[in-house]
Amino acid sequence: QVQVVESGGGLVQSGGSLRLSCAASGSTSSIFAMGWHRQALGKQRELVAFINRDGETTYADSVQGRFAISRPNAKNTVLLQMSSLKSEDTAVYYCYVTVRESSFRSYWGQGTQVTVSS
């Protein structure tokens with residue numbers, strides 16, 4: 001089992017910055033990837049960014065160049081630095097951790113609200 005806890009959400013003005021943090025605990029020795037999805041009101045959950053165990057990153061087109069995902073010291077924490085925020089970035093942001101044991105399995109956090117005011 002892996003426990004996932006996010007922090008860092010809040011209210012920010014358009015054009016501002018915010019950093020989200022996610023910490024994983026428990027059976028984390030087999031972490032394969034960590035990342036973020038988001039879900040805006042009335043919309044489907046979508047991928048924001050993820051980073052694999054080799055440090056390779058992937059971003060949604062909508063956040064490319066504005067968001068940066070990192071995993072300090074390849075430990076059990078993943079950060080999402082969000083800059084040049086837009087109103088359309090308003091959503092609940094969910095952190096996830098994918099572990100590889102006998103198969104792949106993902107664990108999710110409870111989510112943290114990010115609201116960008118115009």
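## Strand 4 and its partners

Strand 4 and strand 9 run antiparallel and are joined by 8 bridges. This pairing, like everything below, is read from a predicted model. Within it, Ile31 has Val99 of strand 9 as its bridge partner.

Strand 4 also pairs with strand 5, again in an antiparallel arrangement, here through 6 bridges. Trp36 stands opposite Ala49 of strand 5. The two strands, 4 and 5, make up a hairpin with 6 residues between them. In the turn of that hairpin, Gly42 has a positive phi of about 80°. Strand 4 is mostly covered, with 7 of its 9 residues buried.

## The nonpolar core

The largest nonpolar core contains 31 residues. Which of these touch the most other members? They are Trp36, Leu80, Met82 and Tyr93. Several strands give two or more residues to this core, among them strand 4 (31–39), strand 5 (46–52), strand 8 (77–82) and strand 9 (91–100). Strand 1 (2–7), strand 3 (18–26), strand 7 (67–70) and strand 11 (112–117) also give two or more each. The most comes from strand 9, which gives 5 residues.

Met82 can be followed further through its contacts. Neighbours within four places in sequence aside, Met82 is in contact with Gly16, Ser17, Leu18 and Leu20, and also with Arg66 and Phe67. The remaining contacts of Met82 on that basis are Tyr93 and Val114. Tyr93 is, with Met82, one of the core residues that touch the most other members.

## Thr90 in the loop between strands 8 and 9

Thr90 is located in the loop that lies between strand 8 and strand 9. Is Thr90 buried, partly exposed or exposed? Thr90 counts as partly exposed because its relative accessibility is 25%, while the buried class requires under 20% and the exposed class over 50%.

The side chain of Thr90 has polar partners on the backbone. One of its polar atoms lies 3.0 Å from the backbone oxygen of Ser87. The Thr90 side chain also reaches the backbone nitrogen of Val116, at 2.9 Å.

Beyond its neighbours within four places in sequence, Thr90 is in contact with Ala40 and with Gln113, Val114, Thr115 and Val116. Val114 is thus listed as a contact of Thr90 and of Met82. Thr90 and Leu41 are separated by 49 residues in sequence, and their C-alpha atoms are 8.7 Å apart in space.

How values were computed
Residues numbered from 1 in each chain as written. Predicted model: local features only at pLDDT ≥ 70, side-chain atom pairs only at ≥ 80, totals over all residues. Heavy atoms only, no water. Core = buried A, V, L, I, M, F, W, Y, C linked by side-chain atoms within 4.5 Å. Buried < 20%, exposed > 50% of the residue type's maximum accessible area, 1.4 Å probe, protein only. Contact = heavy atoms within 4.5 Å. Polar contact = N/O pair within 3.5 Å; in protein donor to acceptor, adjacent residues only side chain to side chain. Pairing = 2+ DSSP bridges.
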